[in-house]
Amino acid sequence: MPRKFSLYDIEALMKEAGAEKVTFDAVTSLEETIERITEKLAKKAIKYANHAGRKRVIKKSDIELLKNNLKKF
């Protein structure tokens, strides 16, 4: 299965967050986690869109609603 996120970009984000060095295993593990979280968020956004009477069309307003209802990590 092709990667959905750039490993280079994930590594860069980790370094911007303060990591001095990042192993390949750490980057690929975070990539898998990001994929799972993104899929869950997209499914929730689809539910909001459906509730608004739209089928499978996610709008910015759905994402804003989703962001406002997320629990803090």
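Buried means under 20% relative accessible area, exposed over 50%, and partly exposed in between, with a 1.4 Å probe and protein chains only. This is a predicted model, in which local features need pLDDT of at least 70, side-chain atom pairs count only at pLDDT 80 or more, and totals for chains, interfaces and linings use all residues. Residues are numbered from 1 along each chain as its sequence is written, and side-chain values use heavy atoms, with hydrogens and water left out.

**Exercise 1. Sort three residues**

Work out whether Arg 56, Pro 2 and Asn 68 are buried or exposed.

Solution. Start with Arg 56, which sits in the loop between helix 2 and helix 3; helices here are DSSP runs (H or I, at least four residues), numbered from the N terminus. Arg 56 has 72% relative accessibility, so it counts as exposed. Its phi is near 60°, a positive value in a residue other than glycine. Next comes Pro 2, in the segment before helix 1 (7-16). Pro 2 is exposed because its relative accessible area is 66%. Last, Asn 68 belongs to helix 3, and its 63% relative accessibility makes it exposed.

**Exercise 2. Check the length of helix 2**

Compare the expected span of helix 2 with the distance between its end C-alpha atoms.

Solution. Take 1.5 Å times one less than the number of residues. For the 28 residues of helix 2 this should give 40 Å, and the end C-alpha atoms lie 41 Å apart, so the two agree. Just after helix 2, Gly 53 has a positive phi of about 90°.

**Exercise 3. Describe how helix 2 meets helix 3**

Find the angle, the handedness and the residues of this crossing.

Solution. First fit the axes: these are lines through C-alpha atoms, for helices over the stretch in contact, with angles from 0 to 180 degrees between N-to-C directions. The axes of helix 2 (residues 24-51) and helix 3 (residues 60-69) come within 9 Å and cross at roughly 115°. The crossing is right-handed, a term for the near helix being turned clockwise from the far one by less than a right angle. Now list the contacts (heavy atoms within 4.5 Å). Helix 2 brings Leu 41, Lys 44, Ala 45, Tyr 48 and Ala 49, while helix 3 brings Asp 62, Ile 63, Leu 65, Leu 66 and Asn 69.

**Exercise 4. Explore two glutamates**

Which residues touch Glu 31 and Glu 35, leaving aside those up to four places away in sequence?

Solution. Both glutamates are found in helix 2. Glu 31 is buried, because its relative accessible area is 3%. Its contacts are Arg 3, Lys 4, Phe 5, Leu 7 and Ile 10. Glu 35 is also buried, with 18%. Met 1, Lys 4 and Phe 5 touch Glu 35. The cover over the buried residues of helix 2 includes helix 1 and helix 3.

**Exercise 5. Assemble the core**

Which residues make up the largest nonpolar core?

Solution. Look for buried Ala, Val, Leu, Ile, Met, Phe, Trp, Tyr and Cys residues joined through side-chain atoms within 4.5 Å. The five members are Leu 7, Ile 10, Met 14, Val 22 and Val 27. Helix 1 gives the most to this core, with three residues. Then examine Val 22: among its contacts are Met 14 and Val 27.

Definitions and conventions: Helices (H or I, at least four residues) and strands (E, at least two) are DSSP runs, numbered from the N terminus.
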